[in-house]
Amino acid sequence: MKRYQTYIDGKWTDAASGKVFETSDPYTGEPWALVPECDARDAELACNAAARAFESGPWPAMTATARGRLLRKMGDLIAKHAKHLAEIEVRDNGKLISEMYAQTQYLPEWYYYYGGLADKITGQTIPVDKPDHFCYTLKEPVGPCVFITPWNSPLMLVGWKLAPALAAGCTVVIKPSEFTSASLLEFMKLVVEEAGVPPGVINVVTGFGAVVGEPLVTHPKIAKVAFTGGTATGARVNELAARTFKKVSLELGGKSPNIMFDDCILDEAVNGAISGIFAATGQTCIAGSRLLVQESIHDKFVEKLVEVAASAKLGNPQLFETQVGPVTTPPQYQKILGYIDIAKGEGAKCVLGGGPATAAEGGGKYFVKPTIFTGVNNKMRIAQEEVFGPVLSVIKFKDEAEAIQIANDIAYGLGSGVWTQSVRRATMMAQKIKAGTVWVNTYRAVSFTMPFGGYKASGLGRENGAEAIEGYLQTKSVWINNAVGGGGNPFVMKTASNS
Ligand code: NDP
């Protein structure tokens, strides 16, 4: 079995405890590697290393242009190792190789884009309302950051944070999910070390959230926490970070409405519904898990939907032809089956799937059949709570007003889809839906150029796009009085009347 070490202050190291834990392949259920089980002692070392690297040594001395060059080099190295990194991810999270390889091939773009922005971060000169003053702002990095990330898209979700943070001049400590540490450790070797990132700038501590995540989030030298994961964990992280006034960004869960109007192009919309929920076995924060279908096309739509979903090829996620893979973790598998029972108990009608997929059906240990419930009403738990699995709730609506009401009647606000050929309807819906992203006649599209994040309980702050870099910067105001003499009454604040 492969045994990994973690990476702190530019050195490979075991956990302070000397302990390791197993990481398993969800398809076979077999452990394949050992990962250091870090605790508060390792968190302390990593945060101190990040703080040192932020304050002194080569990193703060590097020009923004040189940081940009380094980011572009990291992008090239990711591209070089994209296949290997994707295979490791599939081995850890069981998602399809077609999806994970597409992600690792696309990931260099984040490093190129933010590498390009590194030396375009500028403050402003401000025409203040006082004579003889020259005033300007500086944009400075917030400081050492902690990233806590989930298992569903491990390197992608690290990249959304790491590339803008490095461009801004921050240093970081990353805690990956206990289920998917391996790809990040490979990334540290093949990309970070190889690119020549100075020691302490990027550190990794592997282990369990409550044990090693909390000491990171509360560490006094950390200035910002960027978290992606479940909403309950996000609330805990936010509370802990608030005690020491850290900046926080949160990318959390969702229960996104994917809305099918009667003027949609049916075949395309059905494919959009399928990719919204069954791609990634539904284990994506932006899953279009509430399918709102206009009543005039409901029966025809569901018939086609069931036909296409039933044709999904389940199997080994390492094969490019597989369309639905296993669920990533045993607790997640139990949770999904639990929600299927809840939906049945609530009176929803199961028109496809509805349980584990056996080996004969292409499944195996942690497989759930693509499952569709009709007759769902938006008050049911199956409509309100995030399942994070291949379970679709179909909800009927009459008209635009009802679609908007149902779409927004939820605690979350991450993604949403609208399928229509009417420009009026599309733009009106895009205005009315309370979510960070509205996709029209497409679904689950992301880009390094487009801001991404949640309304309501789906999060705080934005990742991606030029806006994301602001999350890693703070503004300093510089006042220069270039008048000779004067200065007014030293005991009174300078205002418009006395400056
Ligand atoms: P979790 O919230 O369980 O875990 C996320 C990370 O937080 C893991 O690294 C976990 O560590 C860590 N963690 C757990 N408890 C604590 C704690 N007390 N203090 C600090 N860190 C802690 O989410 P999952 O990994 O199960 O991921 C699924 C969730 O992520 C879904 O709800 C999904 O919607 C959301 N998500 C959101 C995205 C977005 O961009 N909005 C994108 C992808 C996923 P460990 O696992 O090692 O215990």
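**Domain interface and ligand surroundings**

The protein chain falls into two parts, domain 1, which comprises 2–252 + 458–477, and domain 2, which comprises 257–440. The structure is a predicted model, and the values given here are computed from its atoms. Between the C-alpha centres of domain 1 and domain 2 there is a distance of 31 Å, and the contact that joins them draws 25 residues from domain 1 and 28 residues from domain 2.

About 2,100 Å² of area is buried between domain 1 and domain 2, with carbon and sulfur atoms giving 63% of that area. On the side of domain 1, Tyr27, Leu96 and Trp151 together supply 30% of the area that this domain buries against domain 2, which is more than any other three residues supply. As for polar pairing, the rule finds zero salt bridges across the interface of domain 1 and domain 2, whereas six residue pairs in polar contact are counted between the two domains, with both residues of each pair at pLDDT 80 or more.

The side of domain 1 that touches domain 2 receives two or more residues from each of the elements α4 (82–93) and α5 (97–106). Of the contributions to this side, that of α4 is the largest, at six residues. By residue class, the same side of domain 1 is made up of nine nonpolar, eight polar and eight charged residues.

The ligand is surrounded by 29 residues, of which Glu178, Glu214, Thr233, Leu252 and Glu386 come nearest. In the case of Thr233, an N or O atom of the side chain lies 2.7 Å from an oxygen atom of the ligand. Backbone atoms are also found beside ligand oxygen atoms: a polar backbone atom of Gly230 is 2.8 Å from an oxygen atom of the ligand, and a backbone N or O atom of Gly207 is 3.2 Å from an oxygen atom of the ligand.

How values were computed. Residues are numbered from 1 along each chain as its sequence is written. This is a predicted model: local features need pLDDT of at least 70, side-chain atom pairs count only at pLDDT 80 or more; totals for chains, interfaces and linings use all residues. Side-chain values use heavy atoms; hydrogens and water are left out. Domain bounds come from an automatic or database domain assignment. Contact means heavy atoms within 4.5 Å. Buried area is the accessible area (1.4 Å probe) that two parts lose on being put together, summed over both. A salt bridge is a side-chain nitrogen of Lys or Arg within 4 Å of a carboxyl oxygen of Asp or Glu. A polar contact is a pair of N or O atoms within 3.5 Å; within protein, one must be able to donate a hydrogen and the other to accept it, and residues adjacent in sequence count only if both atoms are side-chain atoms. Helices (H or I, at least four residues) and strands (E, at least two) are DSSP runs, numbered from the N terminus. Ala, Val, Leu, Ile, Met, Phe, Trp, Tyr, Cys and Pro count as nonpolar, Asp, Glu, Lys and Arg as charged, and the others, Gly among them, as polar. A residue is near a molecule or strand if one of its heavy atoms lies within 4 Å of it.
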